[in-house]
Amino acid sequence: MTTADVLLWVAYPYICLTLLVGGMVWRWRTDQFGWTTRSSQLYEKPILRAASPTFHLGFLAVIGGHFVGLLVPKTWTAAVGIPQHVYHLTATIGGSVAALATVLGLAGLLYRRFAVRSVTLATTTRDKVMYVLLVLPVALGTWATVANQVLGGPEGYDYRETISPWLRSVLTFSPHPQLMTAVPLSFRLHVLAGFALFAIWPFTRLVHAVTIPVQYPTRPYIVYRARRASVSAAAGRRGWAPVQRSADRDGARSRGA
Amino acid sequence: MKVMAQIAMVMNLDKCIGCHTCSVTCKQTWTNRTGTEYMWFNNVETRPGVGYPHTWEDQDRWKGGWTRTRSGRLKPRSGGRVARFANLFANPDLPEIVDYYEPWTYEYDKLLSAPKDSKDFPVARPVSQLTGKPMDTIGWGPNWDDDLGGSTETMQQDPVLAKINTEVRAEIEQTFMFYLPRICEHCLNPSCVAACPSGAMYKRAEDGIVLVDQDRCRGWRMCVSSCPYKKVYFNHTTGKAEKCTLCYPRLEVGQPTVCSETCVGRLRYLGVLLYDADRVTEAASVEDPQDLYMAQRSILLDPFDPEVIAGARAGGVPDSWVKAAQDSPIWALIDTYEVALPLHPEYRTLPMVWYVPPLSPVVDRVTAAGNDGEDHKILLTALSTMRIPLEYLAGLLTAGDTRPVERSLRRLAAMRSYMRDLDLGRGGNEEIAGAVGMTGEQVQAMYRLLAIAKYDDRYVIPTTHPETPRGIAELGEDVTGMVEELVGAGEGAPEACSVSTFHGGGTGLRITSRGRAKTAAEGLAPTPGRVNLLDWSGDSAQAGLFPPAAAGVDA
């Protein structure tokens, strides 16, 4: 085990997770106005109607699969009587379908984003960075699955002996980096890319993932709210951008003169 | 009975000249920012016509409003709670930008930057505000069929015409025409609020104004499609929904909305209504859509009824609001004179912007035929024989029931005739008033409200601060400044919401002597180049009138 291993499998994940958790808390407390899907459906509807649900549902399935594969110890599934090959078959078939939906949906959304000009113009630099860091783990994860699980022999690669315990060791603050040294390259790259996505998550539009409207099914349809009793003396938060007016521009010009 | 207060509006369509001043001043105030280019919180449509966005009344397509299920319950037409989640990742009913129109601007800079000796005449080409590309042929706009222009192409797409199954001849001289100014209806049973997954949309408990909490909106866009009037818009830059606010920063200090204040025809009325919040769902769920008009009226409460007044007190409605409800022009037009009708009650949202149907198309037809358009006998006969305007208006205002529309128009016709006799010194003919179930005195009172339409009669708005006086005369300079200091415009509000801006003053100007002293003490000069000449007495130079002079010299 080298210094690089410690950096990659101990220091790096903790940095990324700190950014994820701290960033989410910070953004939630400071930028409610920026917390939105920033949908572009207004510009273009037909492709989005097909690609967006495909991607989102596929991605939710992928997240669900990761939870089961990474956080549930192998001993638990064995204890309820699921043999390894049954688990492997279910995970590989389910994972492949979810990956296919994710990749197809993401491809559609990306095509739309750069082929429809109004959507392209609404894409910020931050969005572009996010897309790169989103495509990377999706592509690497798909590659790792296809190369190791689908084409890599009947039993594939048993990540539940290495990656899963390593991740749980990180999450329980007793990291075991040596578990990652023998993992296939594709999986290692996928893990690194995944943590990079976590690191930027709070600072991009991806925060909308944490807005699942859980209260909607139980609340009454009509919401009444009383006016705030007083106006706060605290400094205003971010809101509508001020309008650039010709008078302001003139003012700036005369000050410059 | 739970008594709640609602600020409502009535527009007298008979007086709308289609000048679009309301739309323009509203846009200047609220939607002149990036991302809001295509939004018109207030727009004026020519009817018959397709409206803005294109055929917004076609709820088979847009799925706005509520439907009544077989068991008699109400459900948003776009689907219940399960359907909402199923469509979370792409709203199937959302209009696209082309259904509104692609916003554009002109390359004005080219007019100034064209080379001096260019052979070609400099032009300002239209450029899309979404793609930045030139739009050499503009194909649709927010008001494309204004004054029936181009209506031969589109008029038959009008969903109201389709409903009443009538071919209206599109030739301008053979049809009828009127204007329909529209804002958010601030419904008692708003389907946009019901559809919002985030709970960001709400109805204000004090005055019934429907608002979007910009901090809690997550951009799901369900409100946009669920509003049957298409009066919630999606800001494509901020990713948040925006809508007509009924100019609540102005209402809170007793001022009418910008669209009302600037209405050239003085056709807008603002006032308080009291309603029974416990019976909202019951009223919205009546089986026959044609009963919805009377059902909605049945939950509006008589502000003179002692039981209602006691209920209002118990429910925390201030006495000043009950007083305003008693003086309310809205209550008078809806209940006393019964001339105002709701817009599309069949959507079951219980809208709170009502309309006095226009008599003018009928009068114009009668006059064009060479008859006396002010004679009550001729007018009342014409009303009962002219089915097309009547059925069209009924399709718009009463879910197709022509009787309330006819009653309203008959009363307007009687008012014309009755008042002409008075003006000609012949004395009031009680027979005319009696023919429409009114007394001469009532007709005269209705005439004062509808035709004379004094400012203080049109706008009866209680303030949220009882110490602030109401009405045009009382809002003196000091009060304006005091309100500004006390209340402010609220967090995140555009500059245009500030009281001084509404009164025509620019930044830093037209504030009280106290306010001025404060800016001087902080060493902040008013912004140069912004002077309100309306304020200027002319005896001394206004600050900012001239650019800053060289060091030390001060005008």
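**View 1. Tyr455(B) and its ring partner, Tyr459(B), form an edge-to-face aromatic pair.** In this predicted model, Tyr455(B) is buried, with a relative accessible area of 19%. Buried means under 20% relative accessible area, exposed means over 50%, and partly exposed lies in between, with a 1.4 Å probe and protein chains only. Tyr459(B) is buried too, at 3%. The two rings lie 5.0 Å apart, centre to centre, with 85 degrees between the planes. Rings of Phe, Tyr and Trp (its six-membered ring) pair if their centres lie within 6.5 Å; planes under 30 degrees apart count as stacked, over 60 as edge-to-face and the rest as tilted.

Residues are numbered from 1 along each chain as its sequence is written, and chains are lettered from A and ligands numbered from 1 in the order in which they are written. Local features need pLDDT of at least 70, side-chain atom pairs count only at pLDDT 80 or more, and totals for chains, interfaces and linings use all residues, while side-chain values use heavy atoms, with hydrogens and water left out.

**View 2. Tyr100(B) and Tyr233(B) make a tilted aromatic pair.** The structure holds 28 aromatic pairs over all chains. In this one, the ring centres are 5.9 Å apart and the planes differ by 50 degrees. Tyr100(B) lies in helix H4 (residues 97-100) of chain B and Tyr233(B) in strand S10 (residues 232-235) of chain B, so the pair ties together parts that are 133 residues apart in sequence. Helices (H or I, at least four residues) and strands (E, at least two) are DSSP runs, numbered from the N terminus. Tyr100(B) is buried at 1% relative accessible area, and Tyr233(B) is buried at 0%. Both belong to a cluster linked by ring pairs. Its other members are Tyr38(B), Phe41(B), Tyr52(B), Tyr101(B) and Trp104(B).

**View 3. Five strands of chain B form an open, mixed sheet.** The order is S13-S12-S1-S15-S14. Strands pair if DSSP finds at least two bridges between them. Strand S13 (300-301) and strand S14 (341-342) of chain B are the edges, each pairing on one side only. Helix H15 (residues 319-326) of chain B packs on the sheet and touches S1 and S12 of chain B. Contact means heavy atoms within 4.5 Å. The direction of H15 makes about 115 degrees with that of S12(B). Axes are lines fitted to C-alpha atoms, for helices over the stretch in contact, and angles run from 0 to 180 degrees between N-to-C directions.

**View 4. Strand S12 of chain B is largely enclosed by the rest of the structure.** Nine of its nine residues are buried. Arg268(B), Leu270(B), Val272(B), Leu274(B) and Asp276(B) point one way. Tyr269(B), Gly271(B), Leu273(B) and Tyr275(B) point the other way. S12 (residues 268-276) pairs with S1 (residues 3-12) of chain B in the antiparallel sense over nine bridges. Val3(B) stands opposite Asp276(B), and Ile7(B) has Val272(B) as its bridge partner. S12(B) and S13(B) also run antiparallel, joined by two bridges. There, Tyr275(B) stands opposite Leu300(B).

**View 5. Arginines and tyrosines meet between chains A and B.** The charged end of Arg225(A) sits over the ring of Tyr202(B), 4.1 Å from its centre. Arg81(B) lies over the face of Tyr221(A), at 4.1 Å from the ring centre. A charge sits over a ring if NZ of Lys or CZ of Arg is within 6 Å of the ring centre and within 35 degrees of the ring normal.
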